[in-house]
Every structure is written in C-alpha cells, then in structure tokens.
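Work through these short exercises with the model in view. Try each task before you read its solution.

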Amino acid sequence: MQVNVSARHGALQPGDQALVEEKALKLRRLYDRVNAIDVTIDLENLDKPHVEFRISVEHSDDLIAHAEATTVIAALDSAIPKAEQQLRKLKEKKTEHRATAHKHIESVDTNDE
C-alpha cells in the first residue's frame, strides 16, 4: 500500500510527515482492500490547517475525509476517525450482501390449507 503525504502553501515540521504516515498506515487494518492513501495538508491559514485524506479502495470510489483544527496534529486526529468510519461502513456494505444467499432462504409453501 502506498501513502503519499503532501503539504500545500508551506512545509511540515520535521517529525510531522513520519507521524502522518504512521497514522495513515493504521487505516489499513480496518479494510485490507485499501490501495493507496493520499494525505494533503493545507497550510494556507496557519491558525487553521486543513487535513484531507483521500483513500483509494479496490472496486469502490475514493473515500474522502477532511478536518480543520488549530494544529496539524489536531486536524489529523480529527480526520482519522472520519476516515475509519467510512472504511467500516464500506466494509460492512461490501461483506453484508453475502450474509444470506437466495438459495438459503426458506420458501413459503402456500398450498397448506
């Protein structure tokens, strides 16, 4: 799986990029069909940095989660639960259809009178 971290309108602190990659990799444990994660940190407003996750998943549209906060780490910590929730929902949606196949549903006999 590939994790890309990029910053717009500025540069990240030295340890922030490694921390962002580490936290983004933890999203993989929720759904194993994640292909890539792109994290974009917008530093245009230094008092309110904006973090956006774009998660590429097999056989599905990209998932997008974003958040703003007073620091980059706070915005990151706010965006990760949103991404986790979307991954859980997608996984449930993709695996739920296999719960009961048509051949396993009992047919109702209407000739009993």
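Contact means heavy atoms within 4.5 Å. This is a predicted model, where local features need pLDDT of at least 70, side-chain atom pairs count only at pLDDT 80 or more, and totals for chains, interfaces and linings use all residues. Residues are numbered from 1 along each chain as its sequence is written, and side-chain values use heavy atoms, with hydrogens and water left out.

**Exercise 1.** State what share of the contacts with a separation of 6 or more joins residues 24 or more positions apart.

*Solution.* Take the contacts in the chain with a separation of 6 or more. Residues 24 or more positions apart account for 48% of them.

**Exercise 2.** List the order of helices and strands from the N terminus.

*Solution.* Helices (H or I, at least four residues) and strands (E, at least two) are DSSP runs, numbered from the N terminus. Count them: two helices and four strands. Now read along the chain: β-α-β-β-β-α.

**Exercise 3.** Find the loop that holds H9, then describe its phi and its exposure.

*Solution.* Start with the place: H9 sits in the loop between β1 (2–8) and α1 (16–25). Next, the angle: phi of H9 is near 60 degrees, a positive value. Most residues other than glycine have a negative phi. Last, the surface: H9 is exposed, at 54% relative accessible area. The cut-offs are under 20% for buried, over 50% for exposed, and in between for partly exposed (1.4 Å probe, protein chains only).

**Exercise 4.** Do the same for H59.

*Solution.* H59 lies between β3 (50–57) and β4 (63–68), in a loop. Its phi is positive, about 55 degrees, although H59 is not a glycine. H59 is exposed, with a relative accessible area of 67%.
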